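Notebook open, coffee poured. I'm going through this one pocket by pocket, then on to the sheet and the helices.

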Amino acid sequence: MNMKNNFYNRDIVSVDDFCEEDLELLFEKTDEMKKLVENKGGDDRLKGKMMAALFFEPSTRTFSSFISSAQRLGAGIIPLNGMQNTSVAKGESFEHTVQVFSRYSDCLIIRHPEVGLPAHATKYASVPVINAGDGIGEHPTQALFDVYTILEKYKKLDGLTITLVGDLKFGRTVHSLSKLITKLSSSVKLNLVSPQKLSMPADVLKVLKSTLKAVNETESLKDEVGSSDVLYVTRVQKERFSDLIEYERLKSFYIVDKNLLQKAKNDMLIMHPLPIAAGEINNDVDSDSRSVYLNKQLSNGLYLRMALLDLVLNKQ
Ligand code: NCD
């Protein structure tokens with residue numbers, strides 16, 4: 001590999017930190033990991049390294065795929081899915097917790113309900129910190145494999161119409177994904193489909209509008225489905241609502257089902273970061289050949305996180 005490894009020993013807190021060359025290197029490494037898993041499951045290139053996963057918020061995929069990634073490459077793990085059985089429950093501060101786990105491991109994977117806490121952790125950690133989702137902020141590693149999944153199919157983002165649907169206000173995956181798209185192409189048409197109450201935050205929107213050829217904010221999904229190359233559906237983020245009546249009103253604002261998809265292109269990608277929590281994609285779409293949320297999107301999450309751990313922990 002001739003490209004410079006900018007990931008080595010580095011914190012990953014926001015997609016803002018990446019340049020196009022970084023992505024090229026990471027995606028090349030992800031291809032390598034895919035082959036590795038397919039051929040022999042893994043190897044021991046991270047032998048002697050330890051990864052601590054500190055999840056202050058629930059997680060299925062992000063947690064498990066990081067654990068699987070570390071172990072497939074021979075690293076040891078400190079897996080804390082929920083901090084309720086640690087000294088956090090006794091009142092130990094976040095800053096101390098971070099310093100403690102820095103002494104036992106070579107990188108920290110942190111998920112936290114508060115925006116900016118993984119970034120804050122980098123000031124106290126003596127090892128690299130990877131943001132595994134910070135409140136309504138960002139989810140950079142999700143965005144990385146979402147883009148990888150889109151590129152796997154289309155090779156380039158140029159000229160694609162990508163439609164993000166659902167909770168664009170509180171959904172951290174779409175904040176990271178939309179900003180990451182701007183790093184790779186300015187000729188994407190981005191449809192931002194949400195109820196007005198759940199529209200894309202102004203700071204993210206500003207970045208998108210200043211870099212992309214076309215950004216279209218709308219409430220109507222059915223008008224955009226036909227021209228979309230990618231339909232990226234998200235869950236309305238119940239845990240971010242102070243008013244649960246409002247949540248109930250908005251949770252099923254969009255339902256992607258067979259009927260809606262009649263209008264869609266035959267080769268459109270249907271994506272979702274999961275979990276599907278309020279039927280925003282109907283079960284009958286799971287087996288649609290265009291759906292990748294239960295197959296490729298998940299596998300790519302594993303391969304990409306393996307690649308990231310290898311690049312962060314090994315100089316190459
Ligand atoms: C997402 C998250 O945690 O932000 N889940 C995930 O990591 N795949 C999306 C969500 O919870 O809606």
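What volume does the largest pocket have? I get about 420 Å³ for the largest pocket, bearing in mind that this is a predicted model.

**Largest pocket**

I listed the lining next and found 20 residues, with Arg111, Arg172, Arg235, Leu274 and Pro275 lying nearest the centre of the pocket. Two elements give two or more residues to this lining, α2 (61-72) and α6 (172-184). I then sorted the lining by class and got four nonpolar, 10 polar and six charged residues.

**Second largest pocket**

I noted about 340 Å³ of space in the second largest pocket. It has 14 lining residues, and the ones closest to the centre are Glu24, Phe27, Leu151, Lys155 and Leu184. Which helices each supply at least two residues of this lining? They are α1 and α5, and α1 has the largest share with six residues. By class I counted six nonpolar and eight charged residues, with no polar ones in the lining of the second largest pocket.

**Cavity**

I also looked for enclosed space. The structure holds one cavity of 30 Å³ or more, and the volume of the largest cavity is about 60 Å³. Its lining is made of 13 residues, and Gly166, Thr234, Val236, Lys251 and Tyr254 are those nearest the centre. The class split for the cavity lining is eight nonpolar, two polar and three charged.

**Sheet**

Then the strands. In what order do the five strands of the open sheet run? I read β7-β6-β5-β8-β9, with parallel pairing. β7 (214-218) and β9 (269-271) are at the edges with a single partner strand each, so one side of each has no neighbour in the sheet. The twist from one strand to the next averages 15 degrees.

I zoomed in on one edge. β6 (residues 189-193) pairs with β7 in the parallel sense over five bridges, and Leu192 stands opposite Glu217 in β7.

On the helix side, α5 (residues 140-154) lies across β5 (161-165), β8 (230-233) and β9, and I logged its direction as about 165 degrees to β9.

**The α1/α11 packing**

At what angle do α1 and α11 pack? Helix α1 (residues 20-40) and helix α11 (residues 296-313) are at about 115 degrees, with axes 8 Å apart. I marked their crossing as right-handed. On the α1 side the contact residues include Leu25, Phe27, Met33 and Val37, and on the α11 side they include Tyr303, Leu304, Ala307 and Leu311. The contact of α1 with α11 divides into 12 nonpolar residues, one polar and four charged. I also spotted that Phe27 turns up twice in these notes: it is among the residues closest to the centre of the second largest pocket, and Phe27 in α1 takes part in the meeting with α11.

**One glycine**

Last stop, Gly159. Where does Gly159 lie? I found Gly159 in the loop between α5 and β5. Leaving out residues up to four places away in sequence, Gly159 touches Ser187, Val188 and Asp229. I also checked Gly159 against Lys29: they are 130 residues apart in sequence and 25 Å apart in space, C-alpha to C-alpha. Lys29 itself is one of the α1 residues in the contact with α11.

Technical notes: Residues numbered from 1 in each chain as written. Predicted model: local features only at pLDDT ≥ 70, side-chain atom pairs only at ≥ 80, totals over all residues. Heavy atoms only, no water. Axes fitted to C-alpha atoms, helices over the stretch in contact; angles between N-to-C directions. Helix = DSSP H or I, 4+ residues; strand = E, 2+ residues; numbered from the N terminus. Left-handed = near helix turned anticlockwise from the far one by under 90°. Contact = heavy atoms within 4.5 Å. Nonpolar A, V, L, I, M, F, W, Y, C, P; charged D, E, K, R; others polar. Pairing = 2+ DSSP bridges. 1 Å grid on protein atoms, 1.4 Å probe; cavity = no way out; pocket = protein on both sides within 12 Å on 5 of 7 lines; lining within 4 Å. Points joined across faces, edges and corners; volume = space filled by probe spheres on them.
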